[in-house]
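Dear colleague,

I am handing over the structure below for your records. My notes on what was found in it follow directly after it.

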Amino acid sequence: MNTNIVEEQTADVIVIGGGPAGAATAFWLAMRGVSVIVLEKKQFPRDKTCGDGLTPRAVVELEAMGLQQMLDTQHKYNGLRAVAFGRSYELPWPSLSNYPNYGYVVRRSVLDQAVLERAAAVGATVLYHHEAVEATLASGQIQSLNVRNTATEETLRMTARIYVLAEGSNARIARSLGAHRNVAKPLGLAIRGYFETDRSRENWIESHLDLRDESGATIPGYGWIFPVGDGTANVGFGLLSNSARWRKTNTTNALARFVSQTQGAWHFPENRGVREATGGKLQMGLSVEPRSGPNFLMVGDAVASINPFNGEGISYGYETGRMAANAITQSLGTGDLQPVAGFTTALEKRYAGYYTAGTLFVMAISNPLLMSSGVWLAMRSKATMTPVVAIMANLMSGSTPERIEQIYRLTQRLQERQTG
Ligand SMILES: Cc1cc2nc3c(=O)[nH]c(=O)nc-3n(C[C@H](O)[C@H](O)[C@H](O)COP(=O)(O)OP(=O)(O)OC[C@H]3O[C@@H](n4cnc5c(N)ncnc54)[C@H](O)[C@@H]3O)c2cc1C
């Protein structure tokens with residue numbers, strides 16, 4: 001036990017981490033009058049390694065949190081330009097009743113600060129420079145947290161009725177509670193940098209789906225160019241690192257190769273941007289377990305909520321944060337901790353079907369031959385590629401079973417074409 005503990009602070013709920021998942025949890029709790037403290041170890045604005053791409057799923061959550069004005073100042077786009085095998089299709093986001101048909105590209109320094117400040121504006125207490133360093137447990141419950149003030153080096157003891165772990169993918173406290181990744185499930189590695197371009201105000205984000213390594217072999221992943229609207233584009237490269245072969249890939253070299261391939265079309269300046277590029281891992285498909293305990297639950301990357309189909313995680317951070325706030329409000333209202341303890345089930349109910357399909361898809365494309373032939377088939381026509389992109393972005397109409405049915409039908413169609 002640390003001997004320099006100087007202060008004790010308490011709230012109904014403590015949220016560890018002020019990224020998308022933590023900020024959304026705090027926003028929805030504060031909106032319902034719950035006393036909530038957010039511990040964020042950094043001072044915002046801070047950068048976060050990301051592609052900065054917001055799909056309609058993220059937009060709908062940001063609009064629900066009252067952030068339309070912030071979005072109005074950012075770069076709006078209409079859909080995805082898919083590029084592979086010498087073809088290129090501009091695929092608008094689908095028109096659905098529950099999602100808008102546009103997205104934005106927003107630097108995380110801007111986005112995360114806006115959402116966390118919004119949570120503070122509706123009543124959450126946000127403590128920057130506060131890092132949760134240790135959880136004290138009794139009978140599986142968190143009793144208290146030791147929190148280091150990274151500016152003063154003081155340690156505080158903090159207590160709450162319920163704790164939310166929104167620490168991102170390097171979830172130290174979650175790990176100390178036994179949370180671990182199921183290594184049989186997919187893991188991604190991604191790297192990105194900013195590159196100057198005169199095409200930065202374009203209304204399409206771009207994905208390149210037939211990337212090759214230096215030997216010419218297909219890489220299971222994709223390269224992206226997301227115009228930011230400020231004279232730059234976020235250019236990145238992500239791959240599945242399940243097999244030993246791809247785990248050894250030098251992502252900086254792969255990004256450099258991708259940049260040189262696209263340099264002519266996007267007018268990137270020579271030799272700039274790759275050295276400053278930073279990377280991170282993508283834990284996907286709810287691969288972390290356990291996801292909740294008697295008086296705590298996990299959200300966002302801490303629980304691997306990234307969509308295995310496309311590596312998108314911001315919207316799922318917002319969504320799982322909102323779900324967590326619902327469960328917590330219910331528990332605080334009734335005094336029954338079951339909705340918190342059973343949060344795992346709520347997550348599974350909402351995502352397991354789609355994420356299981358995503359996990360199978362990802363496992364299949366880890367095989368370069370399947371990846372290459374699948375992309376080749378899908379890219380034969382715009383009519384085939386349009387539903388593929390809608391499925392991969394989880395932008396389908398209907399209920400979850402209907403969506404799974406759609407994925408199944410599409411896979412069947414692709415198989416039929418392959419054999420027929
Ligand atoms: C290269 C790359 C590109 C990506 N591109 C996209 C994209 O274009 N679109 C998309 O939707 N997703 C993308 N993602 C995924 C996305 O970045 C994550 O899914 C998202 O950031 C998850 O949000 P989060 O709140 O769970 O975690 P984070 O954003 O990681 O936030 C966690 C926060 O917790 C704080 N923290 C951590 N530990 C503690 C502690 N002990 N005490 C206090 N504070 C703590 C951290 O400082 C951080 O601010 C990308 C990821 C990578 C690596």
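P45 is found in the loop that connects β2 (36-39) with β3. The peptide bond that leads into this proline from F44 is cis, with omega near 0°. Please keep in mind throughout that this is a predicted model.

A second cis peptide bond joins E289 and P290, where omega is about -10°. P290 is likewise placed in a loop, between β18 (288-289) and β19 (292-293).

Domains

The domain assignment divides the protein chain into domain 1 (5-73 + 107-182 + 285-354), domain 2 (187-283) and domain 3 (368-419). Between the C-alpha centres of domain 1 and domain 3 the distance is 33 Å. The contact between these two involves 8 residues from domain 1 and 7 residues from domain 3. On the side of domain 1 that touches domain 3, α2 (56-64) and α10 (343-365) each supply at least two residues. By class, that side of domain 1 comprises 3 nonpolar, 4 polar and 1 charged residues.

The ligand shell

Which residues come nearest to the ligand? Of the 40 residues around the ligand, these are G19, G51, G168, G300 and G313. Two or more residues of the shell are given by each of α1 (20-31), β9 (130-138), α5 (172-176), β13 (187-196), β17 (278-283) and α8 (314-334). The shell divides into 14 nonpolar, 15 polar and 11 charged residues. Domain 1 (5-73 + 107-182 + 285-354) and domain 2 (187-283) each contribute at least three residues to the shell.

Helix α1

α1, one of the elements that give residues to this shell, has 12 residues. From its first C-alpha to its last, α1 reaches 16 Å, close to the 16 Å expected at 1.5 Å a residue. Is α1 enclosed or open to the outside? Of its 12 residues, 11 are buried, so α1 is largely enclosed by the rest of the structure. The buried residues are P20, A21, G22, A23, A24, T25, A26, F27, W28, L29 and A30. After α1 comes G33, with a positive phi near 80°.

Strands

β13, also among the elements that give residues to the ligand shell, is mostly covered, with 8 of its 10 residues buried. β13 runs antiparallel to β17, and 6 bridges join the two. Within that pairing, G188 stands opposite L282 in β17. β13 also pairs with strand β16 (residues 232-240), again in the antiparallel sense, over 9 bridges. There, the bridge partner of F195 in β16 is A233. As a general point, the side chains of a regular strand alternate between the two faces of the sheet.

A separate item is an open sheet of 3 strands in the order β3-β7-β4, with antiparallel pairing. Because β3 (53-54) and β4 (75-77) stand at the edges with a single partner strand each, one side of each is left without a neighbour in the sheet. The pairing of β4 with strand β7 (residues 103-105) is antiparallel and extends over 3 bridges. One of the residue pairs is H75 with V105, the latter in β7.

Positive phi values outside glycine

H267 is a residue other than glycine with a positive phi, near 55°. H267 lies in the loop between α7 and β17. Because H267 has 12 C-beta neighbours inside 10 Å, it counts as exposed. A304, also a residue other than glycine, has a positive phi near 60°. The loop that holds A304 runs between β20 (296-298) and α8. Why does A304 count as buried? The reason is its surroundings, because 28 other C-beta atoms lie within 10 Å of A304.

R257

R257 lies in helix α7 (residues 251-266). Is R257 buried, exposed or partly exposed? With 19 other C-beta atoms within 10 Å, R257 is partly exposed, because a residue needs 20 or more such atoms to count as buried. R257 and V110 are 147 residues apart in sequence, and their C-alpha atoms are 29 Å apart in space.

With kind regards

How values were computed:
Residues numbered from 1 in each chain as written. Predicted model: local features only at pLDDT ≥ 70, side-chain atom pairs only at ≥ 80, totals over all residues. Near = placed C-beta within 6 Å. Helix = DSSP H or I, 4+ residues; strand = E, 2+ residues; numbered from the N terminus. Nonpolar A, V, L, I, M, F, W, Y, C, P; charged D, E, K, R; others polar. Domains from an automatic or database assignment. Pairing = 2+ DSSP bridges. Expected span 1.5 Å × (residues − 1).
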